[in-house]
Amino acid sequence: MLIALDMDGTLLNGEGKISERNRAAITAAQAQGHIVAVVTGRARKDALAPLREAGIICPIASLNGAVVSLEDGTVISEAPLEREIVRPALEWVREQSDLYCETYTGDAVYVGLHNRAQWEALASGMADAAPEVKWLVNKQFQQARVMYVDDIRTVWDDPQTVMYKLLIFALDRERLRDAASRFAALRSVTVTSSHPHNIEMNNERATKGEALKQLAAHYGIDVRDTVAFGDSHNDLSMFKVAGYRVAMDNAEPELKAICDMVTSSHEEDGVAAGLERLLAKRV
């Protein structure tokens, strides 16, 4: 059996950690011969940190499936964005002071310094009136190991740069919908979301569902013998492919509507609870 786990909102708790119970459930599944893989919107480096802390070695489909790699880091598939297609929309984003944008490449996550300064000022200015804003902005900054550059266009224009994912964060959801519509209109681009205040853009071939199929094929596992755990909209493609779907208690309603099981939340060891029930049925 191939077990695919989303990370944020699923495997990781609110502190970005893998709990001891979740760790034990994963290693128990691996000991029984099951393949456990992480399928995440995070870059591989950001996914590796909590996995290594928990002592877990597994395949990783990163950046919403744009890069699929095995336990040793060997890449078995990748689907980057086409620069000439997304460049005009990126320029529009750069000019919007209320949109925060991260560019995910093969080696780093890049943000323009002007963008960081704008958002830090916004968070500080609203700290008293709306403390949740400061929390949201700080949480976004903690999601990735970001490299700040004076002018983000130097990254976008570098012919050596391979872009795999773009993330746009906004407090105003109407503005986020505007940005989403601009990218959704582009050829060969898919738009998803991992949080109510963000959207994520990938090559249309880079989805969690495609990553799950790639991993299943590599290990010679029938897709009907796959299990997917998730909580957000970017997990929907994985749920549509997997033979069995487990939604977290904190999952979006769309995932709960098509799942086979609802487990407890990511703060309550929901991955472990779901795995324990699944593996007990197979004994």
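**Exercise 1. The loop between β3 and β4**

Determine which loop holds Leu63 and Asn64, and decide whether Leu63 is buried or exposed.

*Solution.*
Step 1. In this predicted model, Leu63 lies in the loop between β3 and β4 (67-69). Asn64 also has its place in the loop between β3 and β4.

Step 2. Consider the backbone. Leu63 has a positive phi of about 55° although it is not a glycine. Asn64, likewise not a glycine, has a positive phi of about 65°.

Step 3. Consider accessibility. A residue counts as buried under 20% relative accessible area. Leu63 has a relative accessible area of 3%, and therefore it is buried. Asn64 has a value of 2%, so Asn64 is buried as well.

**Exercise 2. Two residues of strand β3**

Describe the surroundings of Ser62 and of Ile60, leaving aside neighbours within four places in sequence.

*Solution.*
Step 1. Ser62 is found in strand β3 (residues 60-62). Its relative accessible area is 2%, so Ser62 is buried.

Step 2. With neighbours within four places in sequence left aside, Ser62 is in contact with Thr40, Arg42, Ala43, Arg44 and Val67.

Step 3. Ile60 is also found in strand β3. The relative accessibility of Ile60 is 0%, and Ile60 therefore counts as buried.

Step 4. Under the same exclusion of sequence neighbours, the contacts of Ile60 include Val38, Thr40, Arg44, Ala47, Leu48, Leu51, Val67, Val68 and Ser69.

Step 5. Compare sequence and space. Ile60 and Val39 are 21 residues apart in sequence, while their C-alpha atoms are 5.9 Å apart in space.

**Exercise 3. The sheet of eight strands**

State the order of the eight strands in the open sheet, and identify which strands stand at the edges.

*Solution.*
Step 1. The order is β5-β4-β3-β2-β1-β12-β13-β14, and the pairing is mixed.

Step 2. The edge strands are β5 (75-78) and β14 (261-262), each of which pairs on one side only.

Step 3. A helix can now be placed against this sheet. Helix α2 (residues 44-54) lies across β2 (35-39), β3 and β4. The helix runs at about 140° to β3.

**Exercise 4. Strand β12 and its partners**

Find how many residues of strand β12 are buried, and describe its pairing with β1 and with β13.

*Solution.*
Step 1. Five of the five residues of strand β12 (residues 226-230) are buried, so the strand is largely enclosed by the rest of the structure.

Step 2. Recall a general rule: in a regular strand the side chains alternate between the two faces of the sheet. In β12, Thr226, Ala228 and Gly230 are on one side, and Val227 and Phe229 are on the other. Both faces are covered.

Step 3. Strand β1 (residues 2-5) pairs with β12 in the parallel sense over four bridges. Here Ala4 stands opposite Ala228.

Step 4. Strand β13 (residues 244-247) pairs with β12 in the parallel sense, again over four bridges. The bridge partner of Gly230 in β13 is Ala247.

Step 5. Add the helix: β12, helix α9 (residues 236-241) and β13 make a right-handed β-α-β unit.

**Exercise 5. The sheet of six strands and helix α3**

Explain why one side of β8 and of β10 is left without a neighbour in the sheet, and state where α3 lies.

*Solution.*
Step 1. This open sheet has the order β8-β7-β6-β9-β11-β10, with mixed pairing.

Step 2. β8 (146-149) and β10 stand at the edges with a single partner strand each, which is why one side of each has no neighbour in the sheet. On average, and with direction ignored, neighbouring strands of this sheet are turned by 25° against each other.

Step 3. Inside the order, β6 and β9 run antiparallel and are joined by six bridges. Thr105 has Met163 of β9 as its bridge partner.

Step 4. Helix α3 lies across β6, β9 and β10, at about 20° to β9.

Step 5. Helix α3 (residues 83-94) has twelve residues. From its first C-alpha to its last it reaches 15 Å, close to the 16 Å expected at 1.5 Å a residue.

Step 6. The buried residues of α3 are Ile85, Val86, Arg87, Ala89, Leu90, Glu91, Trp92 and Val93. Their cover includes β6 (100-105), α6 (153-157), β9 (163-169), α7 (173-184) and β10 (189-192).

Notes:
Residues are numbered from 1 along each chain as its sequence is written. This is a predicted model: local features need pLDDT of at least 70, side-chain atom pairs count only at pLDDT 80 or more; totals for chains, interfaces and linings use all residues. Side-chain values use heavy atoms; hydrogens and water are left out. Helices (H or I, at least four residues) and strands (E, at least two) are DSSP runs, numbered from the N terminus. The expected span of a helix is 1.5 Å times one less than its number of residues. Buried means under 20% relative accessible area, exposed over 50%, partly exposed in between (1.4 Å probe, protein chains only). Contact means heavy atoms within 4.5 Å. Two strands pair if DSSP finds at least two bridges between them. Axes are lines fitted to C-alpha atoms, for helices over the stretch in contact, and angles run from 0 to 180 degrees between N-to-C directions. A crossover is right-handed if, with the strands pointing away from the viewer, the path from the first strand over the helix to the second runs clockwise.
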